[in-house]
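Here's a quick walk through one structure, going from helix packing to the ligand shell and then to a few single residues. Take a look at it first, then read on.

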Amino acid sequence: MDVTDREELLIRQMRFADANFHLLKENGVHSINVMGPVGCGKTTIIEQLIERLISCGLAVGAIATAAGGDTDYQRFLTSGARSANINTGENGYINAISLSSALSSLDLGAIDVLFIENVPGIISLVDYPLGTSEEIVILPLTAGNGVVQSYPRIFTQTDILVINKIDLTSALSTAPETIAAEYARLNPQGRAIMTDAHRGSGVNNLLQALGFDCNKKW
Ligand SMILES: Nc1nc2c(ncn2[C@@H]2O[C@H](COP(=O)(O)OP(=O)(O)OP(=O)(O)O)[C@@H](O)[C@H]2O)c(=O)[nH]1
Ligand SMILES: [Mg+2]
């Protein structure tokens, strides 16, 4: 692909991101792009959020992404979400165009909150805007110190950082507070939330940071 082709593709993706944003808005869907490295707990945290939002009477959707198989998609269905699966194939990433086609398979009018579990990674995801209303990034405590400084782009552009797997603190040489402090230095507007997604601790704080209140919609 030469430079012009790449530029045209980027312009096309921006148009789709804009269209996704308006489509979701028109249907009253609050959409959240969930990013983070492989195994950080994206699916587990989304499952926890789905459970709480459904118990508040909201209709939830969740889009899974995978290069093969549909494990996360099945987990979302089991959680009670309306779900779709984006098969990334060898590309290994999603963009606003692939999201647009997944959105067309969902009854958006019947969804209040939609999670998009992005492909695993932290490096170039923010180069592919999807048109969602919110983005969060999850780091597992096992990632250790220095990740925020080493890969700053995603952390400067995302105002919620979830530090997950804090139940492992005693087994590791990293404290969640150290990662939170690195993030605060880089992104003073950002909010760091610490979670143990296995036990569900901290998940209510995340809902609050997302602006959710059981008594009202967004
Ligand atoms: N100890 C601990 N394990 C967790 C926690 N959250 C998730 N896990 C485990 O971490 C593993 C990966 O969790 P997933 O939720 O599948 O992670 P993911 O980010 O969706 O993974 P990919 O979709 O493969 O990128 C699973 O074995 C989870 O049970 C946590 O807070 N503490
Ligand atoms: Mg997953």
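Helices and strands here are DSSP runs, at least four residues (H or I) for a helix and at least two (E) for a strand, numbered from the N terminus. With that in hand, Lys165 can be placed in the loop between strand 6 and helix 7 (176-186). One thing to keep in mind throughout: this is a predicted model.

Let's stay with Lys165 for a moment. Its phi is positive, about 70°, although Lys165 is not a glycine. Is Lys165 buried or exposed? The cut-off for buried is 20 or more other C-beta atoms within 10 Å, and Lys165 has 24 of them, so it counts as buried.

Strand 6 itself covers residues 160-164, and Leu161 sits in it. Leu161 is buried too, because 26 other C-beta atoms lie within 10 Å. Leaving out residues up to four places away in sequence, Leu161 touches Val137, Leu139, Phe155, Tyr183, Gly190 and Ala192.

Now for the helix pairs. The table puts the two packings side by side.

| Helix pair | Angle | Axis separation |
|---|---|---|
| Helix 2 (residues 42-55) and helix 3 (residues 71-79) | about 15° | 10 Å |
| Helix 1 (residues 3-26) and helix 4 (residues 96-103) | about 35° | 8 Å |

Why do helix 2 and helix 3 count as roughly parallel? The label goes to angles under 35 degrees, and this pair packs at about 15°, so helix 2 and helix 3 are roughly parallel to each other. Their crossing is right-handed. On the helix 2 side the contact uses Thr43, Glu47, Ile50 and Glu51, while helix 3 brings in Asp72, Arg75 and Ser79. Sorted by class, that contact has 4 charged, 2 polar and 1 nonpolar residues.

Helix 1 and helix 4 cross in a left-handed way. Helix 1 supplies Arg12, Gln13, Phe16, Ala17, Ala19, Asn20 and Leu23, and helix 4 answers with Ala96, Ile97, Leu99, Ser100 and Leu103. The class count for this contact is 8 nonpolar, 3 polar and 1 charged residues.

Helix 1 also holds Glu7. Glu7 has 11 C-beta neighbours inside 10 Å, so it counts as exposed, given that the cut-off for exposed is 12 or fewer. Between Glu7 and Ile32 there are 26 Å from C-alpha to C-alpha, with the two 25 residues apart in sequence.

On to the ligand. How many residues surround ligand 1? There are 17, and the closest are Gly41, Lys42, Thr43, Thr44 and Ala197. Helix 2 gives the most to this shell, with 3 residues. By class, the shell around ligand 1 has 7 polar, 5 nonpolar and 5 charged residues. Thr43 turns up here as one of the closest residues, and Thr43 is also part of the contact between helix 2 and helix 3.

Just ahead of helix 2, in the loop that follows strand 1 (30-35), you'll find Gly39. Gly39 has 13 other C-beta atoms within 10 Å, so it is partly exposed. Its C-alpha is 9.9 Å from that of Gly121, although the two glycines are 82 residues apart along the chain. For Leu161 and Ala81, 80 residues apart along the chain, the C-alpha separation is 24 Å.

Methods. Residues numbered from 1 in each chain as written. Chains lettered and ligands numbered in written order. Predicted model: local features only at pLDDT ≥ 70, side-chain atom pairs only at ≥ 80, totals over all residues. Axes fitted to C-alpha atoms, helices over the stretch in contact; angles between N-to-C directions. Parallel < 35°, antiparallel > 145°, perpendicular 65-115°, else oblique. Left-handed = near helix turned anticlockwise from the far one by under 90°. Contact = placed C-beta atoms within 7 Å. Nonpolar A, V, L, I, M, F, W, Y, C, P; charged D, E, K, R; others polar. Near = placed C-beta within 6 Å.
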